[in-house]
Amino acid sequence: MNNWTEVTIWTTSAGIDAVTGMLMDLGIDGFVIEDAQDFADFLKDTEIYWDYVDEELSKEKQEAETNVKIYVEDSPEGAELLAQVDAGLAAIRTRDAEGAFGRCVTELASIRREDWENNWKQYFKPFAVGEKFIIKPSWETCDNLDGRIVLEIDPSSSFGTGTHNTTQLCICELERLVKPGDRLLDMGCGSGILSVAARLLGASDIGAADIDPNAVNIARENAEKNGFELTTYVGDVTGDAALDEQIGGGYDIIVANIVADVIMGMQEILKRKLKDDGTLIVSGIIAPRADEVQESLLGAGFVLRNRQQSGDWVAMTLTKH
């Protein structure tokens, strides 16, 4: 039985909707909200009924920082989930120019993040994905390859060990679609696992972008582990014209394994960056929102070529009109 770790997300009353909306897009619907403003409003609305309120408790509750608590397993799957949450919070911070949503960072209960990451690594063993790959961390050896390609990945605190359904859906589509010499953009690259897979399948010109500078550094390191240099970009392409221009266009394939709202928010940018006969692979979409995302992408001028589901997650492959 796996152990569980409590994760606290520090935010503000104004940030609760943004944080919980992001969590639900990741399939997390079990969380506890501690809102200092709610406690203050409760005391104000019910004060006529109170004979006595502990002043120290009242002060502590009203001065406490608003937070949302979730629980993650000490496992590769838990590590993937926490990395997705961190990536989602990074996106919220970037778009919250006025700081209204607070710190938007995670804190693990009673354990250092480094210790937690080292603990779950004992469960991360080599495993097969799709028809062509064996995925393994650098600290493991793998002798029985059965003709498969070794993809070495050390995710650290970024999303992408290969265990998550969305990552595996993308890798299977890359196996089917990548041709030698293809130019590919990995939008929201996380650990860089999809960039590495594309390169090992023959793509020769790969760009990887992420809103989180830490993710970009990890992606670059993982590319080096697999024998190539990765061109990386840091920032929010939806609000940075210079970054948008730097990333450029004319890509044969764009893969965006992010979340529903971000995919829909970027759909015009993704379309513009594709070649006329290019292919877009999107994933990270929780099943209840798949129809919404599909309708939005079709409305933007994409044509659906393939839709796959694994567990509660959906991936789509589309081309331009």
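**Figure 1. Buried residues of helix H7 in a predicted model.** Ile193, Leu194, Ser195, Val196, Ala197 and Ala198 are buried in H7. The model shown here is predicted. H7 is mostly covered, with 6 of its 8 residues buried. Gly202 follows H7. The phi of Gly202 is positive, near 120°. H7 also belongs to the elements that give two or more residues to the lining of the largest pocket, the subject of the next view.

**Figure 2. The largest pocket and its lining.** The largest pocket holds about 750 Å³ of space. Its lining counts 44 residues. Closest to the pocket centre are Ala87, Gly88, Ala91, Ile258 and Val262. Two or more lining residues come from each of H1, helix H4 (76-95), helix H6 (165-177), helix H7 (193-200), E9, helix H9 (241-247) and helix H10 (260-265). H4 gives the largest share of this lining, 8 residues.

**Figure 3. The largest cavity.** Rolling a probe the size of a water molecule over the atoms shows where empty space is left. The structure holds 1 cavity of 30 Å³ or more. The volume of the largest cavity is about 40 Å³. Ala79, Leu82, Ala83, Asp86, Arg113, Trp116, Glu117, Trp120, Ser156 and Ser157 line the largest cavity. At least two of these lining residues come from H4, and at least two from helix H5 (113-120). H4 thus appears in two views: it supplies residues to the cavity lining and 8 residues to the lining of the largest pocket.

**Figure 4. Thr11 and its surroundings.** Thr11 sits in the loop between strand E1 (4-10) and helix H1 (16-25). Is Thr11 buried or exposed? Thr11 counts as buried because its relative accessibility is 2%, and the cut-off for buried is under 20%. A polar atom of the Thr11 side chain lies 2.8 Å from the backbone oxygen of Phe101. Beyond its neighbours within four places in sequence, Thr11 is in contact with Ile16, Val19, Glu65, Thr66, Asn67, Val68, Phe101, Gly102 and Cys104. Phe101 therefore figures twice here, in the list of contacts and through its backbone oxygen. Cys104, also in that list, is taken up in the next view.

**Figure 5. Two residues with positive phi.** Most residues other than glycine have a negative phi. Cys104 is not a glycine, yet its phi is positive, about 50°. Cys104 is placed in the loop between H4 and strand E4 (105-108). Cys104 is buried, because its relative accessible area is 1%. Asp146 is not a glycine either, and has a positive phi of about 55°. Asp146 lies in the loop between strand E6 (133-136) and strand E7 (149-152). Asp146 counts as exposed because its relative accessibility is 65%, and exposed means over 50%. So the two loop residues part ways in exposure: Cys104 is buried, whereas Asp146 is exposed.

**Figure 6. Parallel strands E9 and E10.** Strand E9 (residues 205-210) and strand E10 (residues 231-234) pair in the parallel sense. The pairing runs over 4 bridges. Asp210 has Val234 of E10 as its bridge partner. From E9 the chain crosses through helix H8 (residues 213-225) to E10. This β-α-β crossover is right-handed. E9 also gives two or more residues to the lining of the largest pocket.

Key: Residues numbered from 1 in each chain as written. Predicted model: local features only at pLDDT ≥ 70, side-chain atom pairs only at ≥ 80, totals over all residues. Heavy atoms only, no water. Buried < 20%, exposed > 50% of the residue type's maximum accessible area, 1.4 Å probe, protein only. Polar contact = N/O pair within 3.5 Å; in protein donor to acceptor, adjacent residues only side chain to side chain. Contact = heavy atoms within 4.5 Å. Pairing = 2+ DSSP bridges. Right-handed = clockwise from strand over helix to strand, strands pointing away. 1 Å grid on protein atoms, 1.4 Å probe; cavity = no way out; pocket = protein on both sides within 12 Å on 5 of 7 lines; lining within 4 Å. Points joined across faces, edges and corners; volume = space filled by probe spheres on them.
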